[in-house]
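Visitor: I would like the labels on this structure justified one at a time. Please set each value against its cut-off.

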Amino acid sequence: MAEIKVPELAESITEGTIAQWLKQPGDYVEKGEYIVELETDKVNVEVISEEAGTIQELKADEGDTVEVGQVIAIVGAGGEAPAPADSKEKEEPKQEKAEEKAEEKAPKEEAPASKDDKKNRPIASPAARKLAREKGIDLSQVPTDPLGRVRKQDIEAYENKPASAPAKPAQEAKKAPAKKDDGKPVVREKMSRRRQTIAKRLVEVQQTAAMLTTFNEIDMSAVMELRKRKKDKFFEDHDVRLGFMSFFTKAVTAALKKYPYVNAEIDGDEIVLKKYYDVGVAVSTDDGLVVPVVRDCDRKNFAEIEGEIMELATKARNNKLALSDLQGGSFTITNGGVFGSLLSTPILNGPQVGILGMHTIQLRPVAIDKENMENRPMMYIALSYDHRIIDGKEAVGFLATIKNLLENPEDLLLEG
């Protein structure tokens, strides 16, 4: 017999939530095979079986909170791997007779799902499985995409299909509209562990930091013209597209070198000045905002930064980020502009003391001199900072440095 325990996750993570059991009692597992998916504060983690055998018992249900070191399943040593297809055919008559006898003895009881049924579970993304669980939808009833996968949008489409369609499972009654005291309909849904953590940390930051935001705007004409000239050659040379994030990351790195207290954190009564430049880039996912970190930005060129951002964003949206991808950032960039945000005051990603907010690029009239005006592609930028260690002069200077570098992007090559 072998115990499956919740593994060590990270220094700051002591518990998780059972998001999905990938195996059920009676299922055979190979050594190293995934048996459960855990949702933690930051990422989802799949736990493997350390021994081949048969699942004897599950000691926690989906949705339960479990702690590091807690036993969550028992695997019996030995057991038999699934039989080959031809041997299954020989056993089918015996199986049919057994099923007939079972039906005679207990006509009102449902036969348990066969191992084949479990093996034939549809392929679905973690976000799709999570949504299906919340809405009580049987994944096997949801139409798949051309590659045989169930996506989040497939779940939503299935839920919204016409009323003439078959009724949904009874579990969905848990999310059916309830009545408030005034008789108005409401829907209650439990916050995911990640959303609870995000909420808790954002409130903590606002309660513990003296947060202030200052603004500036950038004329993006030079960056856009440079991208237009270089993007095809850049893609040809590096097999990655030249976006805005590499320009902003390099500009931020240069500004952090000039204003080191923006690249710091507070530890008790001490200020920790970081002599490295690990920049977090906020990525929106179905389960909330995550901030994977691009390491050593001062040592990376534009292509390396673009490639790493693209890789981290893909991992984030596919729920494949490791804890190491999220830890240890010294500063954060968030881009609300991709959603159309014109101006915002981003909240600090504690214990960091600075975060840069990018916004949408918008044509606005700009005075060129006393007599002339032109429509230019302008972007508002915002720096939220902890006023306990960063003064207004430093904050304004930090943004001015970024503005000057991006309005003269060739200078970024010298900073690199």
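Visitor: Why is Gly136 called buried?

Guide: In this predicted model, Gly136 has a relative accessible area of 8%. Buried means under 20%, so Gly136 with its 8% meets the term. Gly136 sits in the loop between α3 (126-135) and β10 (149-150). Its C-alpha is 10.0 Å from that of Glu159, with the two positions 23 residues apart in sequence numbering.

Visitor: What makes Thr214 buried or exposed?

Guide: Its relative accessibility is 16%. The limit for buried is under 20%, therefore Thr214 counts as buried. Thr214 belongs to strand β13 (residues 211-219). Beyond its neighbours within four places in sequence, Thr214 is in contact with residues including Ile381, Leu383, Tyr385 and Leu399.

Visitor: Which class does Phe215 fall into, and how do you know?

Guide: Phe215, also in strand β13, has a relative accessible area of 39%. Buried is under 20% and exposed is over 50%, so Phe215 at 39% is partly exposed. Phe215, Leu342 and Leu343 make a nonpolar surface patch of about 260 Å². A patch residue needs over 30% relative accessible area, and the 39% of Phe215 satisfies that.

Visitor: Why is the pair Arg364 and Glu217 called a salt bridge?

Guide: The closest N and O atoms of Arg364 and Glu217 are 2.9 Å apart. The rule asks for a side-chain nitrogen of Lys or Arg within 4 Å of a carboxyl oxygen of Asp or Glu, so this pair qualifies. Arg364 lies in strand β22 (residues 362-367) and Glu217 in strand β13, 147 residues apart, and the pair links distant parts of the chain. Arg364 is buried at 13%, while Glu217 is partly exposed at 29%.

Visitor: What makes Asp325 and Lys315 a pair that ties parts together?

Guide: Asp325 and Lys315 form a salt bridge, with closest N and O atoms 2.9 Å apart. Asp325 is in the loop between α8 (302-317) and β20 (331-335) and Lys315 is in helix α8, so the bridge ties together parts that are ten residues apart in sequence. Asp325 is buried, with a relative accessible area of 13%, and Lys315 is partly exposed at 23%. Salt bridges that share partners also join Asp219, Glu374 and Arg376 into one network.

Visitor: How do you know that Lys59 and Glu57 meet in a salt bridge?

Guide: The N to O distance between their side chains is 3.5 Å. The limit is within 4 Å, so Lys59 and Glu57 pass. Lys59 has a relative accessible area of 42% and Glu57 one of 38%; both values lie between the 20% and 50% limits, so each residue is partly exposed. By this rule the count comes to 14 salt bridges.

Visitor: Why do β5 and β7 stand at the edges?

Guide: Four strands form an open sheet in the order β5-β4-β2-β7, with antiparallel pairing. β5 (44-48) and β7 (65-67) each have a single partner strand, so one side of each is left without a neighbour in the sheet. The average twist from one strand to the next is 45 degrees.

Visitor: What makes β2 and β4 a pair?

Guide: Strands β2 (residues 15-21) and β4 (residues 34-39) share four bridges in the antiparallel sense. At least two bridges are required, so β2 and β4 count as paired. Thr17 stands opposite Glu39 in β4.

Notes:
Residues are numbered from 1 along each chain as its sequence is written. This is a predicted model: local features need pLDDT of at least 70, side-chain atom pairs count only at pLDDT 80 or more; totals for chains, interfaces and linings use all residues. Side-chain values use heavy atoms; hydrogens and water are left out. Helices (H or I, at least four residues) and strands (E, at least two) are DSSP runs, numbered from the N terminus. Buried means under 20% relative accessible area, exposed over 50%, partly exposed in between (1.4 Å probe, protein chains only). Contact means heavy atoms within 4.5 Å. Patches are made of residues with over 30% relative accessible area and no salt bridge: like charges are joined within 9 Å, nonpolar side chains (Val, Leu, Ile, Met, Phe, Trp, Tyr) within 5 Å. Accessible areas come from the Shrake-Rupley method with a 1.4 Å probe; for residues, only the protein chains shown count as cover. Axes are lines fitted to C-alpha atoms, for helices over the stretch in contact, and angles run from 0 to 180 degrees between N-to-C directions.
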